[in-house]
Every structure is written in C-alpha cells, then in structure tokens.
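Hi everyone, thanks for coming. Let's take a few minutes to walk through a structure together. Have a look at it first.

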Amino acid sequence: MRPEPRRRPTARQRALLADLEALFLAEGFAEFTLDELAGRLRCSKSTLYALAPSKEQLAVKVVTHFFRGAAERIEERIAGIDDARKLIGEYLAGVSEHLNRASAAFMRDLADFGPAREAYQVNSRFAARRLREFIDKGVADGVFRDVHARLVAEMTGLIIEGIQTGVLGRRTDVSDAEAFTALGELLLGGLNK
C-alpha cells in the first residue's frame with residue numbers, strides 16, 4: 001500500500017505557519033495552549049489541527065519551518081559566490097541573522113523539547129557539512145593556508161554542536177547568533193593566508 005501523497009499547505013495554512021513562526025520566535029512555544037494560540041491567531045483549534053495533530057507536533061512543524069526557511073534563504077544569499085572566504089563569511093552572517101530573530105524564550109524552549117531540538121541538530125549538522133565544503137574549496141583554491149582541512153572542519157562541527165546544545169552559550173554567556181559570528185571570525189582569521 002502506497003502512502004498518501006502529502007498535500008501542499010493552502011495559502012491560509014502557509015500564512016498561519018508564518019504567523020506561528022513569528023509568535024514562537026518572539027515568545028517561545030512551551031507555555032502556549034492550543035486555545036491560546038487559536039485566540040492569538042484568530043483562528044479555530046481545528047485550523048491548527050489541520051497543520052498538526054497536537055501542540056507538540058505543531059511546535060516541531062513550526063521549528064522545522066523556521067530552520068528550513070533559514071537554510072533556504074542562506075543558500076540563496078551565497079548563490080553565485082565563488083570565493084571561499086566570502087562564502088564562509090556570508091554563510092555564518094546569515095546563520096547569525098536568522099538566530100538573532102529568536103528570543104531567549106524560543107531558544108530555551110527549543111533546548112528543553114527534544115523533538116524540536118532535533119530539528120536544530122539536523123540544521124546544525126547541515127551547516128557543519130556546508131562549512132567543511134567551503135574550507136575544502138578554500139584550500140583547493142589556494143585562498144586558505146594548507147591546513148588539515150578535515151581536522152579544521154571537524155573542529156568547526158564540534159563548535160557548532162557546542163553552540164546548538166547550548167554548552168558554549170552557558171559557559172560564555174553569549175547567544176547562538178553571537179557564537180556563530182565569532183565562529184566566522186575565528187575561521188576566517190585562522191584560515192586566511
């Protein structure tokens with residue numbers, strides 16, 4: 001038996017998802033009930049249930065929507081850039097800008113709710129992979145010192161994991177956005193010839 005094809009969201013559902021994203025980024029998501037969300041968004045609970053069958057699944061859907069949209073906009077931002085230094089700088093600036101949209105409440109709720117945290121982890125692993133590609137390109141193009149690119153890329157992945165898990169933020173009292181900005185400075189300062 002074949003699974004049913006996924007239906008594309010309606011224009012109203014896309015708008016509602018964008019409104020939920022803005023609300024969650026500003027205020028977090030853990031404390032809201034579906035009744036409160038329906039009231040704030042001036043819709044029915046059944047409209048919310050059409051997006052996801054539970055509040056928890058709705059939170060995951062919105063978080064995934066945020067990170068997927070951020071990744072798409074960052075990829076658009078770097079499209080056509082050939083210089084590895086600019087790729088890294090623009091990519092991490094984009095990450096920082098998107099994370100700056102997230103309130104402390106959102107980041108706290110994200111850290112505390114495993115399924116939503118997984119969406120952040122998936123996005124972080126993708127970012128680490130992209131940065132590894134940019135480092136390899138920079139070494140191959142001769143714009144970065146001939147470093148052990150794989151080691152630098154793996155260390156970058158560990159730093160991103162430390163940012164994503166909140167370890168670096170707790171230890172240094174910086175936001176994830178600030179940490180990604182500092183990562184860009186560290187990489188570019190350390191890799192440039």
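In which helix is glutamate 21 found? Glutamate 21 sits in helix α1, which covers residues 11–27. Keep in mind, please, that what you see is a predicted model.

Now, is glutamate 21 buried or exposed? Its relative accessible area is 7%, and the cut-off for buried is under 20%, so glutamate 21 counts as buried. And what does glutamate 21 touch, beyond residues up to four places away in sequence? Its contacts there are Val62, His65, Phe66 and Arg101.

Residue 21 also begins a feature in the UniProt record: an unreviewed entry there places "domain: HTH tetR-type" at residues 21–59. Within residues 21–59, the chain is 69% helix and 0% strand. The C-alpha atoms at the two ends of that stretch are 9 Å apart.

Next, the aromatic rings. How many aromatic pairs does a search of the whole structure find? It finds eight. One of them joins phenylalanine 24 and phenylalanine 29, with 5.7 Å from centre to centre and 40° between the planes, a tilted pair. Phenylalanine 24 is buried at 2% relative accessibility, and phenylalanine 29 is buried too, at 4%.

Phenylalanine 29 has another partner, phenylalanine 106. Why is that pair called edge-to-face? Their ring centres are 6.0 Å apart and the planes meet at 75°, and over 60 degrees counts as edge-to-face, so that is the name this pair gets. Here is a part I like: the pair links distant parts of the chain, with phenylalanine 29 in the loop between α1 and α2 and phenylalanine 106 in helix α6, 77 residues apart. Both of these phenylalanines are buried.

Step back, and ring pairs link a whole cluster: Phe24, Phe29, Phe32, Phe66, Phe67, Phe106, Phe113 and Tyr120. You may recognise Phe66 as one of the residues that glutamate 21 touches.

Helix α6 comes up again in my last stop, the second largest pocket. Its volume is about 400 Å³. Twenty residues line this pocket, and Ala104, Met107, Arg108, Ser175 and Asp176 lie nearest its centre. Which helix gives the largest share of the lining? That is α6, with four residues. Several helices each supply at least two lining residues, among them α5, α7 and α10. Sorted by class, the lining has nine nonpolar, seven polar and four charged residues.

That's my tour. Thanks for listening!

Technical notes:
Residues numbered from 1 in each chain as written. Predicted model: local features only at pLDDT ≥ 70, side-chain atom pairs only at ≥ 80, totals over all residues. Heavy atoms only, no water. UniProt positions renumbered as here; feature names shortened; annotations may be inferred. Buried < 20%, exposed > 50% of the residue type's maximum accessible area, 1.4 Å probe, protein only. Contact = heavy atoms within 4.5 Å. 1 Å grid on protein atoms, 1.4 Å probe; cavity = no way out; pocket = protein on both sides within 12 Å on 5 of 7 lines; lining within 4 Å. Points joined across faces, edges and corners; volume = space filled by probe spheres on them. Nonpolar A, V, L, I, M, F, W, Y, C, P; charged D, E, K, R; others polar. Phe/Tyr/Trp six-rings, centres within 6.5 Å; stacked < 30°, edge-to-face > 60°.
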